[in-house]
Amino acid sequence: MTTCNGRPAGYTVRIFMPDGDPNGIRLVEKSHWTGQGIVFTRETFPKLSDRKDSVRAGVYVLWEQTDGIKLPRVYVGESEELLDRIGRHLKDSSKDFWTHGIIFTSKDDSLNKAHARHIEAKLIDRAREVKQCEPDNLNKSRPAPLSELDRADAESFLYDVLLCLPVAGVRFFEQLTVPSDDSEDLIVTSKGITARGQFGSDGFVVRKGSQAVKDETRSAQDFVVELRKQLVELGVLKDLDDRFEFTKDHLFKTPSAASGAVLGRSSNGLADWKDADGRTLKEIRSAGDG
């Protein structure tokens with residue numbers, strides 16, 4: 001949401017912990033919205049049975065809590081009986097990856113199955129475009145045929161869902177914003193490749209067109225190998241025979257994860273990323289410039 005001057009408009013999100021446990025079930029509500037989000041873990045999901053009468057048609061996201069380096073595995077779904085559907089996932093060995101989940105439903109029954117299918121498809125499309133997660137069912141999207149009025153209602157609900165998801169700690173549907181000014185870019189060079197990026201509040205962004213070495217070193221840690229494999233499968237890294245190239249700007253949680261993906265080995269991003277004057281990211285931080 002933006003104001004007339006193009007700046008983001010403020011909004012209010014309330015988070016309620018009905019059990020008094022910040023790591024337990026959390027209810028997420030936004031001002032002037034008929035929807036509600038319910039955040040849970042695999043362990044706390046059974047407690048939602050007490051809310052069965054208030055949880056009807058809607059969408060849900062199940063994801064894997066990772067170490068912050070490997071991309072999380074994610075499943076997006078919809079149902080008229082959300083708790084029953086997720087309960088079946090809980091017993092399904094093929095879905096045993098998920099550790100956390102969030103449900104979005106309406107408090108006034110205004111969200112129906114057709115709306116939910118539309119929102120599910122849009123979330124799948126966004127996750128597939130953003131490429132910040134490993135898809136479990138993101139290879140398909142099934143947009144439902146809607147009237148113009150119903151489509152507008154579904155898009156409005158989706159808009160608020162996207163505002164609430166980051167508050168719940170879910171960031172893999174967010175479009176990445178990268179500064180257009182590349183004068184502050186940090187650089188990694190090795191074995192004929194060059195990568196450029198910037199460190200921000202959400203992590204380290206490697207810019208589109210950056211290059212990465214083709215092969216990992218023998219001493220590369222497993223998480224480096226797995227991360228690069230995920231990026232190739234998602235199409236973030238394109239194989240150019242003798243090297244890889246980034247097809248899009250990509251956000252990494254840490255500078256070390258970014259440089260590790262570029263160099264194909266374990267890396268200290270604070271030392272390997274340098275500015276045009278040769279100062280390391282660590283030196284830049286120590287000087288108070290970054």
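**Exercise 1. A nonpolar surface patch**

Determine which residues form a nonpolar patch on the surface of this predicted model, and what their accessible area is together.

*Solution.* Step 1: the patch consists of Tyr-11, Ile-15, Met-17 and Val-167. Step 2: together these residues have about 300 Å² of accessible area. Step 3: one of them, Met-17, can be placed in the loop between strand E1 (13–16) and strand E2 (26–30). Step 4: the relative accessible area of Met-17 is 33%, which makes the residue partly exposed. A patch residue needs over 30% relative accessible area, and the value of 33% for Met-17 satisfies that cut-off.

**Exercise 2. The two sides of helix H1**

State which residues of helix H1 (residues 82–91) are buried, where they fall around the helix axis, and what covers them.

*Solution.* Step 1: Leu-82, Leu-83, Ile-86, Gly-87 and His-89 are the buried residues of H1. Step 2: viewed down the axis of H1, these buried residues lie within an arc of 155°, so they line one face of the helix. Step 3: the spacing reflects helix geometry, because an α-helix has 3.6 residues a turn and residues three or four places apart therefore point the same way. Step 4: Arg-88 and Lys-91 are exposed on the other side of H1. Step 5: the cover over the buried residues of H1 includes strand E3 (35–41), strand E4 (58–63), strand E5 (73–79) and strand E6 (100–106).

**Exercise 3. Lys-95 and its contacts**

Locate Lys-95, decide whether it is buried or exposed, and list the residues it touches beyond four places away in sequence.

*Solution.* Step 1: Lys-95 belongs to the loop between H1 and E6. Step 2: its relative accessible area is 13%. Buried means under 20%, so Lys-95 is buried. Step 3: leaving aside residues up to four places away in sequence, Lys-95 touches Arg-42, Tyr-75, His-89 and Asp-136. His-89 also appears among the buried residues of H1.

**Exercise 4. Cysteines and disulfides**

How many disulfides does the model contain, and how far is the sulfur of Cys-133 from the closest cysteine sulfur?

*Solution.* Step 1: a disulfide requires two cysteine sulfur atoms within 2.5 Å. Step 2: the cysteine sulfur closest to that of Cys-133 is in Cys-164, at 19 Å, which is too far for a bond. Step 3: Cys-164 likewise takes part in no disulfide, its nearest cysteine sulfur being that of Cys-133. Step 4: the count of disulfides is zero. Step 5: Cys-133 is buried at 1% relative accessibility, and Cys-164 is buried at 0%.

**Exercise 5. Positive phi outside glycine**

Identify where Asp-109 and Lys-191 lie, and give the phi of each residue.

*Solution.* Step 1: Asp-109 has a positive phi of about 65° although it is not a glycine, and it lies in the loop between E6 and helix H2 (113–130). Step 2: Lys-191, also not a glycine, has a positive phi of about 50°. Step 3: the position of Lys-191 is the loop between strand E8 (186–190) and strand E9 (193–200). Step 4: with a relative accessible area of 67%, Lys-191 is exposed.

**Exercise 6. Salt bridges**

Give the number of salt bridges in the whole structure, then analyse the pairs Lys-30 with Asp-160, Arg-207 with Asp-185, and Asp-275 with Arg-279.

*Solution.* Step 1: the whole structure contains 19 salt bridges. Step 2: in the pair Lys-30 and Asp-160, the closest N and O atoms are 3.0 Å apart. Lys-30 lies in strand E2 and Asp-160 in helix H3 (residues 148–164), so this pair ties together parts that are 130 residues apart in sequence. Lys-30 is buried, at 10% relative accessible area, and Asp-160 is buried, at 7%.

Step 3: Arg-207 and Asp-185 form a salt bridge with closest N and O atoms 2.8 Å apart. Arg-207 is in the loop between strand E10 (203–206) and strand E11 (211–213), and Asp-185 is in the loop between H3 and E8, so the pair links parts 22 residues apart in sequence. Arg-207 is buried at 13% relative accessible area, as is Asp-185 at 3%.

Step 4: Asp-275 and Arg-279 meet through their side chains at 2.9 Å, N to O. Here Asp-275 is buried, with 13% relative accessible area, whereas Arg-279 is partly exposed, with 29%. Step 5: Arg-14, Glu-29 and Lys-107 are joined into one network by salt bridges that share partners.

Key
Residues are numbered from 1 along each chain as its sequence is written. This is a predicted model: local features need pLDDT of at least 70, side-chain atom pairs count only at pLDDT 80 or more; totals for chains, interfaces and linings use all residues. Side-chain values use heavy atoms; hydrogens and water are left out. Patches are made of residues with over 30% relative accessible area and no salt bridge: like charges are joined within 9 Å, nonpolar side chains (Val, Leu, Ile, Met, Phe, Trp, Tyr) within 5 Å. Accessible areas come from the Shrake-Rupley method with a 1.4 Å probe; for residues, only the protein chains shown count as cover. A salt bridge is a side-chain nitrogen of Lys or Arg within 4 Å of a carboxyl oxygen of Asp or Glu. Helices (H or I, at least four residues) and strands (E, at least two) are DSSP runs, numbered from the N terminus. Buried means under 20% relative accessible area, exposed over 50%, partly exposed in between (1.4 Å probe, protein chains only). The arc is that of the directions from the helix axis to the C-beta atoms. Contact means heavy atoms within 4.5 Å.
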